[in-house]
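Biologist: Could you take me on a close look at one part of this protein, the main nonpolar core and what packs around it? I work at the bench, so please spell out the terms as you go.

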Amino acid sequence: MDIKKLQTLVVDALEDVKGQEIVVFDTTGLTSLFDRIAIASGTSNRQTKALAASVRDKVKEAGGDVIGIEGEDTGEWVLVDLGDMIVHIMQAPIRAYYRLEEIWGEKPVKLGAAKRKSTTEGKEAAAKEATPKKSGHLAASKAAKAAEPVIEKKPAAKKPGTAKATAAAGAVAKKAAAKKAAPKVVAPEGKKVKVASTKTAEASAKAAKEKKAASAAATPVKTVIKRLKKAAAAE
């Protein structure tokens, strides 16, 4: 089987069972025993065994050879030997302890090219690659908006007769009256000018007179009764 097809099958099988931190390395320049090595992590013994079984079944269905599987009894580190490719499925603490990436990680293989188009991950990756990237420039990324007519709203005229309209008219009248100042009368030198009394003063004087007259009319007239001395007794 072609090595690229084989690594594609292995990656798809690991992703089907939710394998974590999947990496593939090209080992052709490091050893003549195999051409690829894959490393994946499982969260439990059951998952590592399921990952190994998924790889075995996928390769067999495609007509590939499975030479052997080791470590299924414990599930901490399961090794699947596919001849041209070795798959290491390990739990996170075991993987962190042995650090196989430092030994075989000289030439990492990009997994994007290894994913099949029929898998969900492959379809998503293909869709992302097919989608054109938007320009970072704001003018290029935003679609031009069609010009819209601008409608200016005029303030509504106040109806006469309302309280607000009356108050507004009064304020305008006061401003106009304030602007028109009364003409000043300048008296010539040496002459006295008689200034007519204002209407307010006349009205107050008239009211005072009427009040005085009313109080005088209301005061009762005192009658003086003169007591006449009885005539002296007749002599």
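Modeller: Happy to; here is a walk from the whole chain to the core, its helix pair and a few residues around it. A word on the basis: this is a predicted model, in which local features need pLDDT of at least 70 and side-chain atom pairs count only at pLDDT 80 or more, while totals for chains, interfaces and linings use all residues. Residues are numbered from 1 along each chain as its sequence is written, and side-chain values use heavy atoms, with hydrogens and water left out.

Let's begin with the whole protein. Its secondary structure comes to 8 helices and 6 strands; helices (H or I, at least four residues) and strands (E, at least two) are DSSP runs, numbered from the N terminus. Along the sequence the pattern reads α-β-β-α-β-β-β-α-α-β-α-α-α-α. Of the 235 residues, 23% count as buried. Here buried means under 20% relative accessible area, exposed over 50%, and partly exposed in between (1.4 Å probe, protein chains only). Among contacts (heavy atoms within 4.5 Å) between residues at least 6 apart in sequence, 57% join residues at least 24 apart.

Now to the part you asked about. A nonpolar core is a set of buried Ala, Val, Leu, Ile, Met, Phe, Trp, Tyr and Cys residues joined through side-chain atoms within 4.5 Å. The largest one has 22 residues, of which Val 10, Leu 14, Val 55, Leu 82, Val 87 and Ile 89 touch the most other members. Two or more residues each come from helix 1 (3-16), strand 1 (20-26), strand 2 (36-42), helix 2 (45-61), strand 4 (77-81) and strand 5 (85-91). Helix 1 gives the most, with 6 residues. Take Val 10 as a sample: leaving aside neighbours within four places in sequence, Val 10 is in contact with Ala 38, Val 55, Leu 82, Met 85 and Val 87. There is also a second, separate core of 7 residues, including Phe 34, Ile 37, Ile 39 and Met 90.

The helix pair deserves its own look. Helix 1 and helix 2 pack with their axes 8 Å apart, at an angle of about 140°. The axes are lines fitted to C-alpha atoms, for helices over the stretch in contact, and angles run from 0 to 180 degrees between N-to-C directions. The two helices are therefore oblique to each other, since angles under 35 degrees count as roughly parallel, over 145 as roughly antiparallel, 65 to 115 as roughly perpendicular and the rest as oblique. On the helix 1 side, Leu 6, Leu 9, Val 10, Ala 13, Leu 14 and Asp 16 meet Leu 51, Ser 54, Val 55, Lys 58 and Val 59 of helix 2.

Next come two loop residues. Asp 35, in the loop between strand 1 and strand 2, is partly exposed, with a relative accessible area of 28%. Not counting residues up to four places away in sequence, Asp 35 touches Ile 3, Phe 25, Asp 26, Thr 27, Thr 28 and Asp 84. Its C-alpha atom is 6.0 Å from that of Met 85, 50 residues apart along the chain. Leu 111 is found in the loop between strand 6 (108-109) and helix 5 (120-130). With neighbours within four places in sequence left aside, Leu 111 is in contact with Val 11, Ile 22 and Val 24. The C-alpha atoms of Leu 111 and Val 24 are separated by 7.4 Å, with their places 87 residues apart along the chain.

One backbone detail to finish. Most residues other than glycine have a negative phi. Glu 21, in strand 1, has a positive phi near 50°, and this residue is exposed, with a relative accessible area of 58%.
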